[in-house]
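This briefing looks at enclosed space and at charged side-chain pairs, taking each topic in turn.

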Amino acid sequence: MNERIVSAVVRSRARSASLVGLAVLGGAWSLACGATDGGTSSGAASHDTAVSHTASASTERARVAQYLDSIYRLEDVRHTFRTAGGENVDCIDFDAQPSVQRARAQGIPVSNEPPPIALPRGAVTNAQPLSGADQTADEQGRTRLCPAGTVAFSGRPTYEQIEAKGGLDEYVRSIAIHKRGAAPAVQPDSIPAHTQPGPDWDHAAGFQFVNYTYFSTTTPVFTPMLENSGDHSVSQMWVLTGSCASDSFVGSCGTSACAPYTCSNANTQVQSLEVGWIVGSPNSDANPHLFVFTTTDGYGSSSCFAQSGCGSFVRMSAPYWPGAPLTSTNLGSTPVELTMAVVNYNQTWYIVADGSYIGYIPPNTYRGQMQSSASYFQVGGEVFDSWENNPPSHTITFMGSGISDWGYPAIAYHRNVQFVAPGGSGWTNAALTFQNGNGITGNNAATYYHVVHGNPGGANWGSFFYFGGPF
């Protein structure tokens, strides 16, 4: 095993033990301080403090309630079920979605009907949906599928989960910023690529510059281990235009000593639609979930995971939805695959998962070319490394299955990567390019993650590659 990786494993275990010790000490410190405050404060001071804390808590609770209602209101729930994996799913009327109401307020037409076009070729890979919405009965006899005319939501946070993040502002920040593309165009316009110490994105991915209106890929679902709670691990597609990406961790002078770099030219800002599975934030567990992510300003303030209630994504009645829990692959067994696709029809980007239209980005969300087509794509894996002093420290969070040298079926991959050009009628296999020759970007990432080119794991794989790490 690589010496650096062995060191990282030891560091991770030591860090976990230290955190447990700090938690115990922190609890004892809190109890001691509470006793001291109670013994030395006057009754009047204690009363004023209590009133102040009560008012502050009331204001925060009202803000949290407003935020939760922006995802969906509990009074709009028409059906609820629990997946076999233990995830609660609420079904609300299509028209009750906040995104639908926002679109209609702007005069943008929305519908629960799929577009009158054929599904992408090879779009169905599973007889039963990986989300658990399989029409069986849960332990209370409720059907595991949303009724016609309703759409599914899961993962709506609780007051307690938001409070545990440090309040609403910290919670929203934690689910909004940690995404990035890695193709050569996706870099700040006026500073070097992110090479300074600090949190970073690691990618193992291929890309192609070409105009297209349809894009599709198939990837196995895994449950990668996360070393740090702030990390995430992803397998996904990026649908892109633009060149300028904001960077929350590298300042405008090229180091973290300056204010975060922000793209100011709207004409060069990256616009992206991203679909895949993710382990980590914005989800509150360690399981894989389907995600849809959008940005219209180079990963700036518009950045949005659709399950978080922000953005313009409109859900449709389907057995998949943003935030849906996904069945994953047991290492070494036949891969559990998910086929994802995007289709642009009438300046609307539709998202397809396993042959079902799950929703769309309505017109007027994107600007310029991105309204009707995209100019390049990227496909592969992403790990967000939350180590603040990276390098030399680096996460050992798994990418894909965590394996890069065992071959199929243990290793993650993307296969049948394909697109349709504007006005075209047939699919074209992608001609993928791999940045730096190895497809790896990120601080010290090539020590941990790898793109592997080998034999296909089956017939008719088209354009494909393997990826993963750190083992």
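Is D93 buried, partly exposed or exposed? With a relative accessible area of 28%, D93 is partly exposed. The model discussed here is a predicted one, and its salt bridges, of which there are 11, are taken up below after its cavities, of which 3 have a volume of 30 Å³ or more.

**Cavities**

- The structure contains 3 cavities of 30 Å³ or more, and the largest cavity has a volume of about 100 Å³.
- A total of 13 residues line the largest cavity, and those that lie nearest its centre are S99, F153, A306, G309 and F313.
- Two helices, α2 (43-71) and α3 (98-105), each contribute at least two residues to the lining of the largest cavity, with α3 giving the most, namely 3 residues.
- In terms of residue class, the lining of the largest cavity is made up of 6 nonpolar, 5 polar and 2 charged residues.

**The pair D93 and R78**

- The side chains of D93 and R78 meet in a salt bridge, with a distance of 3.1 Å from N to O.
- D93 belongs to strand β2 (residues 88-93) and R78 to strand β1 (residues 77-82), so the pair ties together parts that are 15 residues apart in sequence.
- R78 has a relative accessibility of 46% and counts as partly exposed, while D93, at 28%, is partly exposed as well.

**The pair R73 and E75**

- R73 and E75 form a salt bridge in which the closest N and O atoms are 3.7 Å apart, a distance that satisfies the cut-off of within 4 Å.
- The relative accessible area of R73 is 36%, which makes this residue partly exposed, whereas E75, with a relative accessible area of 52%, is exposed.
- E75 counts as exposed because its relative accessible area of 52% is over the cut-off of 50%.

**The pair R142 and D138, and a network**

- R142 forms a salt bridge with D138, and the closest N and O atoms of this pair are 2.8 Å apart.
- D138 is buried, its relative accessibility being 6%, whereas R142 is partly exposed, with a relative accessible area of 22%.
- D138 is classed as buried because its 6% is under the cut-off of 20%.
- Elsewhere, E60, R63 and D169 are joined into one network by salt bridges that share partners.

Conventions: Residues are numbered from 1 along each chain as its sequence is written. This is a predicted model: local features need pLDDT of at least 70, side-chain atom pairs count only at pLDDT 80 or more; totals for chains, interfaces and linings use all residues. Side-chain values use heavy atoms; hydrogens and water are left out. On a 1 Å grid over the protein atoms alone, a cavity is a set of points where a 1.4 Å probe fits but cannot get out, and a pocket is an open set with protein on both sides within 12 Å along at least five of seven lines; lining residues have an atom within 4 Å of a point. Grid points are joined across faces, edges and corners, and a volume is the space filled by probe spheres set on the points. Helices (H or I, at least four residues) and strands (E, at least two) are DSSP runs, numbered from the N terminus. Ala, Val, Leu, Ile, Met, Phe, Trp, Tyr, Cys and Pro count as nonpolar, Asp, Glu, Lys and Arg as charged, and the others, Gly among them, as polar. Buried means under 20% relative accessible area, exposed over 50%, partly exposed in between (1.4 Å probe, protein chains only).
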